[in-house]
Amino acid sequence: MAVAGERDTALAEAARCAAEARAGRGGWLLLHGDTGSGRTALLEEIVRRETGAGPFRPLRAHAAPGETRFAFALIRRLLAASAVSDALPFAEPTPAAEQRLFHGLMERLTALTAQGPVLLAVDDLHLADGPSLRWLGYLTHRLAALPVLLVLTTRTRPGAPAPGGRDTGLHPDTGTDLPLPPLDPGAVARLLAPHALSADLAELAATAGAGNPMLLRALTGRPVPRTPRDLVGDRYRAALDRWLRNPAAPERRPAALALALLLETSAPTDPALVTAVAGLPPELCATALSPAGPTGLTAMLAPAPVRESVLATAVPAELRRYRRRLARALYERGTPAPDVAEVLLRTPHTGDAWITRTLDEAADDALRQGRTDRAARLLRHALTGPADAAAHLGLTLRLSALDMFGSARAGTRRLQENLQGAECPDPHAVASALGGALAAQGRIPTAIQVLGDLVRTPGGDVLRTPGGDLARTPGGDPGRAPDGERSATALRLATARFAAHDAQEWHRAARELRELTGTAPPDTQPLIHALLTLYEGGTGRIDARTTLDRATALAYAPVDPRFRDDHLAVVATLLRWADRPDESRALIGRGLPAAPLPPDLTSLGHQQLLAIRTALDLAAGRFAALVTDGTRLLERTRDPAVRLPHLRALTALAHHELGLTERARHQLHPLDPPPGDTCWTWDAVLYARARLHLDTGRWDEALTGFLACGARTGARGFTGPLGQPWRSGAVLALARLGRRPEAHVLSDEELRHAHAWGTPRAVGTALRSRAAALGGRPGLDCLTEAVALLRTAPAPVELIEALTDLGRAQRASGHTHKARTTLTEALGLARDLTSVPENDPRADRPAGPPGAPPTPPPVPRLLAGAQLALRTCGAPEPVGRTAPAPLLTRSERRIVDLAVQGFTNAQICASLHLARRTVETHLTQAYRKLGISRRTQLATRLGGPVGQ
């Protein structure tokens with residue numbers, strides 16, 4: 001193997017020593033260096049050069065590891081053809097016998113030199129047996145008068161003086177030791193040049209080779225590598241393993257493994273940290289990390305393929321040990337929990353409390369970034385280690401909540417197993433979470449059964465389920481067991497909370513709540529009274545004023561922390577019913593986590609708070625925000641078993657309001673209430689589907705859907721205007737079908753309930769539908785009153801609808817001017833409510849086929865209705881202060897606004913730092929969209945002075 005160009009200095013020194021030996025002045029040359037430094041190849045090259053056409057007679061020997069215990073094993077190889085070698089003993093001789101043997105060997109060698117100069121080549125001197133090593137030392141004291149060149153190689157610690165800690169006895173005056181340092185960059189480049197590597201791979205090879213010929217040659221095999229993975233293949237890993245295991249540098253391998261693991265984290269490569277992970281004394285670790293040659297260990301391991309190769313040399317158990325050390329060292333140095341957790345995920349949980357804490361903290365951080373899958377992985381790993389019952393329960397509840405987004409079945413099973421375990425510390429928490437998980441899957445009856453089966457035994461201290469004993473409460477005396485009584489009350493209250501969703505169980509639960517009034521613990525009374533208010537308000541026993549008074553009093557009452565979210569959800573519902581959206585949102589903000597943290601879908605309170613927030617967004621006309629937030633959550637919830645029908649239905653309605661009716665229909669298509677399920681969350685699905693039928697002219701299907709929704713509402717006793725406004729929809733469908741008598745009866749019923757409830761929004765909505773049933777002048781009067789009432793209510797959607805209907809009715813009665821004024825107001829309100837900038841990500845528009853012209857932006861339902869009604873009046877659509885946002889892009893709008901203010905094209909260019917052609921192009925596009933042909937018409941369309 002050629003070494004010219006790599007070891008020119010060593011070859012030159014060998015040539016000098018050979019010339020001296022040929023002149024009768026013998027000597028020795030010791031080549032020492034690291035594993036893979038090319039000692040053997042260099043020795044072979046020296047032998048080839050000096051014996052190929054020269055006078056030297058070569059005698060060679062390679063010390064073997066298995067022969068170090070046998071005396072004269074190396075000399076026997078070196079002088080194999082000599083008769084003296086046959087007389088060499090295999091055991092250690094006495095000193096006197098050894099001297100006789102040494103003298104005889106010298107005589108034999110001297111006799112050989114009579115025939116010409118001799119070159120003795122000994123490889124791997126560090127493996128030589130003791131007597132052979134001593135004879136070579138003996139020989140070096142007598143070389144000066146002999147034509148003998150003794151060339152030896154030995155493995156040493158990089159940078160250490162020869163012979164690497166073992167005294168060879170070589171006479172210093174008759175020879176030279178020559179270290180073989182790592183190759184310099186020039187030599188590395190010359191070695192790599194013939195292999196046609198790309199620039200990137202050549203750079204990687206130079207780094208991965210660390211100036212070591214063995215490593216560099218392992219990187220340049222055939223076929224020519226094309227990728228880093230090809231370059232750093234099996235040959236390199238085998239050579240790297242040998243290089244790392246250099247016995248002369250035992251600190252190298254642990255330091256390299258520790259450093260490779262550390263470099264996989266974001267922590268700084270602190271030598272003290274490497275020392276702690278490697279388990280080395282500081283001085284040895286410093287030696288391993290110190291630069292040797294063109295690169296040090298840190299630079300060598302910087303590329304990921306090299307690190308992976310280093311780690312591949314270790315067995316799994318070894319890596320686990322190093323990673324545990326690394327995680328502990330990072331933890332003790334205050335490294336952020338996510339970085340420590342990244343290491344912990346690669347090692348089995350040993351049960352240390354700090355590991356569980358770190359994984360838990362890292363899961364919190366992942367949730368704050370919206371990374372639910374990673375948070376679940378961290379918590380799942382935390383649960384693999386032993387923990388006390390309370391800590392284990394906390395992790396179980398958190399993980400089950402996250403599993404709802406990816407695998408609801410896994411979360412449900414985990415909760416079931418925990419609930420049926422022998423030492424569940426908090427059956428109420430587990431049962432409530434299990435019930436919430438079932439509710440999210442649309443299994444309310446099963447959730448109610450789970451909680452209903454959890455009852456106290458007459459004896460007093462065991463909570464049971466059909467699966468067996470669950471937990472023992474402190475104190476077994478039923479007469480003085482407040483904790484047991486408290487748990488039983490909590491379970492009854494939780495059962496009632498779930499029963500509020502079911503038509504069949506709701507009335508029974510209300511009776512049980514009345515029994516708990518005054519007897520339950522004080523911090524559960526606010527929720528009890530809130531649930532009773534919910535029942536009485538929904539069933540028409542109290543009006544909005546009473547409901548509001550109670551809700552206001554209950555909103556900030558101290559409540560058992562276990563029921564905090566449930567309490568907030570119920571009170572927020574009451575405030576929404578009472579037309580207090582701001583107060584309701586304030587409570588929702590207290591209960592739901594801020595984005596990007598996800599809601600807890602095992603919490604019934606979070607589910608209802610989410611439903612209320614969605615309903616408030618829809619009622620406030622925040623359609624684009626609703627679509628954005630709802631779609632984000634639904635996309636995160638990948639498990640189809642998690643139904644969330646209320647959220648899906650209202651998100652579909654928001655799409656419909658934005659003009660994306662087909663998309664809304666597609667979202668509603670797979671949703672159908674399970675047979676026998678009377679949960680109120682499915683009412684929204686029936687109502688949304690009926691609304692789409694109504695707005696697209698399918699009035700029979702709309703009527704059927706509204707009446708089905710009303711039947712479900714009536715089963716719960718909700719006779720009032722709360723929940724889904726099904727009566728208004730049914731009245732409009734009946735009116736469109738020409739069935740006015742039926743519409744009249746139903747509208748009278750709705751108006752009576754609306755007056756009994758007493759909010760302007762409810763009465764105004766009922767009056768609008770009544771106008772459709774009556775028609776003519778009575779209908780016009782109803783619409784006039786409805787508009788007046790809705791102006792005082794937080795009901796922008798209903799106000800726009802009523803104004804549009806009023807404008808139509810005014811035009812039909814011959815009051816065209818009034819109609820235009822009314823419809824212009826409706827149009828302006830609709831624009832303000834539904835406008836979304838063209839480049840806003842919430843402007844969700846369907847894409848056309850490739851190559852097709854751009855699809856026109858959809859027109860929101862309210863805006864389309866007002867525009868159509870205004871055109872029917874024969875009036876041009878006013879643009880005024882609020883041109884339709886979908887017409888102009890943001891860039892076009894900025895330029896047009898400046899033009900309206902009187903800026904010339906040159907001034908617009910200077911103001912916005914745009915090219916004149918850009919300004920002219922945008923103005924031309926704006927003219928086309930606005931239906932004008934020249935600049936002076938902007939004044940008519942947009943208002944204000946326009947410069948020429």
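**Exercise 1. Which helix gives the largest share of the lining of the largest cavity?**

Keep in mind that this is a predicted model.

Step 1. Start with the set of cavities: the structure holds 3 of 30 Å³ or more. Pick the largest, which has about 210 Å³ of space in it.

Step 2. Go through the elements that give two or more residues to its lining. These are helix 23 (427–440), helix 31 (604–619) and helix 33 (645–657).

Step 3. Compare their shares. Helix 31 comes out on top, with 5 residues of the lining.

**Exercise 2. Work out what surrounds the centre of the largest cavity, and the classes of its lining residues.**

Step 1. Take the full lining, 18 residues, and look for those nearest the centre: Q607, L644, P645, H646 and T681.

Step 2. Put some of these on the helices. Q607 falls in the 604–619 range of helix 31, while P645 and H646 fall in the 645–657 range of helix 33.

Step 3. Sort the lining by class. You get 12 nonpolar and 6 polar residues, and no charged ones.

**Exercise 3. Now do the second largest pocket: find its volume, its central residues and the helices around it.**

Step 1. Volume first: about 690 Å³ of space lies in this pocket.

Step 2. Its lining has 29 residues, and D565, D600, T602, S603 and H606 lie nearest the centre.

Step 3. Helices that give two or more residues here are helix 21 (389–406), helix 23, helix 25 (482–499), helix 29 (564–577) and helix 31. Helix 23 and helix 31 should ring a bell, as both also give two or more residues to the lining of the largest cavity.

Step 4. Split the pocket lining by class: 15 nonpolar, 7 polar and 7 charged. The largest cavity, remember, has no charged residues in its lining.

**Exercise 4. Lay out the five-stranded sheet and place a helix against it.**

Step 1. Write down the strand order, 2-3-4-1-5, in an open sheet with parallel pairing.

Step 2. Find the edges. Strand 2 (57–62) and strand 5 (175–180) each pair on one side only.

Step 3. Check the twist: on average, and ignoring direction, neighbouring strands are turned by 15° against each other.

Step 4. Zoom in on strand 1 (residues 27–33) and strand 4 (residues 148–155), a parallel pair with 7 bridges. Within this pair, L31 sits opposite T153 of strand 4.

Step 5. Add helix 6 (residues 130–140). Helix 6 lies across strand 1, strand 3 (118–123) and strand 4, and runs at about 140° to strand 4.

Note on methods:
Residues are numbered from 1 along each chain as its sequence is written. This is a predicted model: local features need pLDDT of at least 70, side-chain atom pairs count only at pLDDT 80 or more; totals for chains, interfaces and linings use all residues. Side-chain values use heavy atoms; hydrogens and water are left out. On a 1 Å grid over the protein atoms alone, a cavity is a set of points where a 1.4 Å probe fits but cannot get out, and a pocket is an open set with protein on both sides within 12 Å along at least five of seven lines; lining residues have an atom within 4 Å of a point. Grid points are joined across faces, edges and corners, and a volume is the space filled by probe spheres set on the points. Helices (H or I, at least four residues) and strands (E, at least two) are DSSP runs, numbered from the N terminus. Ala, Val, Leu, Ile, Met, Phe, Trp, Tyr, Cys and Pro count as nonpolar, Asp, Glu, Lys and Arg as charged, and the others, Gly among them, as polar. Two strands pair if DSSP finds at least two bridges between them. Axes are lines fitted to C-alpha atoms, for helices over the stretch in contact, and angles run from 0 to 180 degrees between N-to-C directions. Contact means heavy atoms within 4.5 Å.
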